[in-house]
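Load the model in your viewer and show it as a cartoon, with side chains hidden for now. The stops below are meant to be taken in order.

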Amino acid sequence: AVIADGISIFHAGDFNLWHWIEESTPEEVKFAKRAFLREMENLKDLHFDVAFFPVDPRMGRGYDAGAAHFSRTMHPSLIVPMHFGKQIETGEAFRRKMESSGQLCWAPQERGDFDPSQM
């Protein structure tokens, strides 16, 4: 996390609830969830104006589990999905899901896309 010009920015990098629920054993999924929640505890007292978080279509139906949990618990002012490569529809699906829950979300529409009006 960084603060620049008074704006707090969180970039998750590869931090995510990494599990492939369709392929993993229940024990592997539980281990991944525990590890993720343990790291989330370190962030609990922070607020982020902008958060970039992975939504990875390779994970199947759990593609946005980490980002959705982060959004529900951290309440960033704006969340931006990432790590979906050329599968733009993944970011857009996440945006719709977040906005239906009241979370402001901006999803890039092409590689390198940026909308400074959302800042």
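Which residue in β2 is the bridge partner of Ile3? Select Ile3 and look across to β2: the partner is Ser8. Keep in mind throughout that this is a predicted model.

**The sheet**

Widen the selection from that bridge to the two strands that hold it. β1 pairs with β2, residues 7-11, in the antiparallel sense, and three bridges join them. Now select the whole sheet. Four strands form an open sheet in the order β1-β2-β3-β4, and the pairing is mixed. Colour β1 (2-4) and β4 (78-82) separately, since these are the edge strands, each pairing on one side only. Looking along the sheet, expect a twist that averages 25° from one strand to the next.

**Helix α2**

Next, select residues 65-74, helix α2, which packs on the sheet. The strands touched by α2 are β2, β3 (50-54) and β4. The direction of α2 makes about 155° with that of β3.

**Helix α3**

Select residues 88-100 for α3, a helix of 13 residues. From first C-alpha to last, α3 reaches 19 Å, close to the 18 Å expected at 1.5 Å a residue. Turn on the side chains and pick out the buried positions: Ile88, Thr90, Gly91, Glu92, Phe94 and Met98. What do the buried residues of α3 pack against? They pack against α2 and β4. Step just past the end of α3 to Gly102, where phi is positive, at about 95°.

**Asp64**

Go back along the chain to Asp64, in the loop between β3 and α2. Is Asp64 buried or exposed? Asp64 has a relative accessible area of 3%, and therefore counts as buried, the cut-off being under 20%. Show its surroundings, leaving aside neighbours within four places in sequence: Asp64 is in contact with Val55, Phe94 and Lys97. Of these, Phe94 was among the buried residues of α3 listed above. Add a distance label between the side chains of Asp64 and Lys97, which are joined by a polar contact of 2.8 Å.

**Lys30**

The last stop is helix α1, residues 26-41, where Lys30 is found. Lys30 has a relative accessible area of 53%, so this residue is classed as exposed, for which the cut-off is over 50%. Finish by selecting the C-alpha atoms of Lys30 and His19: these residues are eleven apart along the chain, and the two atoms are separated by 9.1 Å.

Notes
Residues are numbered from 1 along each chain as its sequence is written. This is a predicted model: local features need pLDDT of at least 70, side-chain atom pairs count only at pLDDT 80 or more; totals for chains, interfaces and linings use all residues. Side-chain values use heavy atoms; hydrogens and water are left out. Two strands pair if DSSP finds at least two bridges between them. Helices (H or I, at least four residues) and strands (E, at least two) are DSSP runs, numbered from the N terminus. Axes are lines fitted to C-alpha atoms, for helices over the stretch in contact, and angles run from 0 to 180 degrees between N-to-C directions. Contact means heavy atoms within 4.5 Å. The expected span of a helix is 1.5 Å times one less than its number of residues. Buried means under 20% relative accessible area, exposed over 50%, partly exposed in between (1.4 Å probe, protein chains only). A polar contact is a pair of N or O atoms within 3.5 Å; within protein, one must be able to donate a hydrogen and the other to accept it, and residues adjacent in sequence count only if both atoms are side-chain atoms.
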